[in-house]
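Good morning, colleagues. Please turn to the sequence and the structure as they come up on the screen.

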Amino acid sequence: MVNTPNCYALVRGAAEGRTRLNAFDLALLNAGVGDTNLMRMSSILPPAARQVDIGEVVLPKGGLIPLAYASIDGTMPGQLISCAVAVGIPEDDREPGVIMEFEDHAPLSNVEEIVRQMVVDGFDYRNRKLREVKSLGIEHKVERCGSVFAAAVLWYL
Amino acid sequence: MVNTPNCYALVRGAAEGRTRLNAFDLALLNAGVGDTNLMRMSSILPPAARQVDIGEVVLPKGGLIPLAYASIDGTMPGQLISCAVAVGIPEDDREPGVIMEFEDHAPLSNVEEIVRQMVVDGFDYRNRKLREVKSLGIEHKVERCGSVFAAAVLWYL
Amino acid sequence: MVNTPNCYALVRGAAEGRTRLNAFDLALLNAGVGDTNLMRMSSILPPAARQVDIGEVVLPKGGLIPLAYASIDGTMPGQLISCAVAVGIPEDDREPGVIMEFEDHAPLSNVEEIVRQMVVDGFDYRNRKLREVKSLGIEHKVERCGSVFAAAVLWYL
């Protein structure tokens with residue numbers, strides 16, 4: 001069994017690349033997590049997890065890093081692509097929080113409003129008291145082949 | 001390296017939500033795994049893994065939980081959505097079993113018949129003797145934005 | 001936290017099956033990783049990771065195995081499906097390498113050329129010196145329901 005992570009960082013990046021995967025890879029580098037092996041998970045914040053800056057934690061090069069992320073790419077010049085993550089912190093820090101992800105061909109303001117409401121809804125149907133919603137997103141106008149990425153990275157202090 | 005899990009639980013859930021991700025999140029809660037970080041894997045039952053009820057194991061809040069799952073969502077009112085998992089138990093308990101997942105806009109009876117046959121096929125081309133097929137699925141008629149989820153969750157006793 | 005893997009194997013497989021998931025499952029068996037639980041990750045080669053043949057490492061039956069993979073399936077008789085992975089080895093073995101994946105309804109020669117260029121690009125925008133690119137791919141002409149799979153499997157020596 002893998003230990004439950006006890007900290008998290010919100011990160012984001014955007015990039016153009018020659019292929020969709022290269023654009024995504026470069027967006028990960030921009031976000032500060034590009035030389036790791038990201039393992040996507042469904043998206044709960046462990047109880048009392050502490051927020052850190054991505055620069056405060058040492059992610060091993062090539063290490064296996066759990067995260068929740070939103071991402072979208074596009075190849076139509078001029079098209080907007082946006083994605084965002086939101087994290088809901090519970091009043092009771094013995095309870096887990098909720099992480100939501102959303103992406104769309106739309107302005108970031110729309111996407112971030114939706115992802116924040118998704119967290120509010122996630123607390124509502126859990127009957128859990130919400131202390132605070134934190135969100136981070138990114139918007140990019142596609143030139144040739146663009147990608148955006150926003151994530152809650154979980155790790156250990 | 002992560003230890004190989006030694007038990008599994010079959011779970012299922014269905015829900016309506018304001019967004020597809022919220023409906024999925026609520027389906028996970030209905031299934032009893034909603035406050036964990038699910039990590040999807042390709043789908044083998046470890047040798048001699050013991051079946052448990054999801055209530056018998058303690059999944060850490062926010063913990064990293066490996067699983068194989070089927071899921072489908074829909075936004076057309078009145079539309080049927082169904083998904084199911086099936087697990088094949090080998091005669092020889094030193095051999096691994098096979099987990100299959102299937103989902104469709106169709107009645108559960110069709111989906112479950114297909115997923116059970118997928119397990120039979122998986123044993124056939126492995127030339128492995130099959131003792132038993134266990135399956136679990138769920139069907140839902142979409143109201144506005146519905147999601148169904150069925151999974152084999154792996155964990156440790 | 002999970003230890004960072006220190007070796008990798010390049011593998012590939014192709015198969016026909018009664019369903020898309022069965023074809024994929026059988027392609028995994030052909031590749032020598034079919035009785036494990038594969039966990040997909042974004043795709044970095046840990047520093048100084050040693051290349052091994054898949055037969056040299058012991059993958060536990062039902063074990064949780066991290067990997068990066070390309071895969072594509074098809075159900076149009078006569079259609080070509082191809083996929084490939086490429087691994088870039090850095091000059092400085094304290095640095096991580098880059099793994100890229102690509103798949104298309106196209107001849108393998110095209111797909112493999114693209115995935116190798118993706119690695120070159122990944123080193124370029126990292127300003128990292130590239131020692132060597134290794135690639136492995138597979139092409140299959142669909143009969144009824146075919147799948148191809150190529151991967152860089154990470155593990156421990």
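I shall speak about the interface of chain C and chain A, and then about one helix of chain A.

Please bear in mind that this is a predicted model. I begin with the extent of the interface. On the side of chain C, 28 residues are in contact with 23 residues of chain A. The two chains bury about 2,000 Å² between them, with 59% of that area on carbon and sulfur atoms. Within chain C, the residues that lose the most area to chain A are C:Met1, C:Ser42 and C:Tyr125, which together make up 30% of what that side buries.

I turn now to the polar side of this interface. The count between chain C and chain A is five salt bridges. One of them joins the side chains of C:Arg128 and A:Asp35, at 2.5 Å from N to O. Twelve residue pairs are found in polar contact across the interface, with both residues at pLDDT 80 or more.

Which elements of chain C supply at least two residues each to the side that touches chain A? They are β2 (37-40), β7 (97-104) and α2 (108-124). The largest share, four residues, comes from α2(C). By class, this side of chain C has 15 nonpolar, six polar and seven charged residues.

Finally, I come to helix α2 of chain A, residues 108-124. Its 17 residues reach 24 Å from the first C-alpha to the last, close to the 24 Å expected. Among its buried residues are A:Leu108, A:Val111, A:Met118 and A:Phe123. The buried residues of α2(A) pack against β6, β7 and β8 of chain A, together with α1 (20-31) of chain B.

Technical notes
Residues are numbered from 1 along each chain as its sequence is written. Chains are lettered from A and ligands numbered from 1 in the order in which they are written. This is a predicted model: local features need pLDDT of at least 70, side-chain atom pairs count only at pLDDT 80 or more; totals for chains, interfaces and linings use all residues. Side-chain values use heavy atoms; hydrogens and water are left out. Contact means heavy atoms within 4.5 Å. Buried area is the accessible area (1.4 Å probe) that two parts lose on being put together, summed over both. A salt bridge is a side-chain nitrogen of Lys or Arg within 4 Å of a carboxyl oxygen of Asp or Glu. A polar contact is a pair of N or O atoms within 3.5 Å; within protein, one must be able to donate a hydrogen and the other to accept it, and residues adjacent in sequence count only if both atoms are side-chain atoms. Ala, Val, Leu, Ile, Met, Phe, Trp, Tyr, Cys and Pro count as nonpolar, Asp, Glu, Lys and Arg as charged, and the others, Gly among them, as polar. The expected span of a helix is 1.5 Å times one less than its number of residues. Buried means under 20% relative accessible area, exposed over 50%, partly exposed in between (1.4 Å probe, protein chains only).
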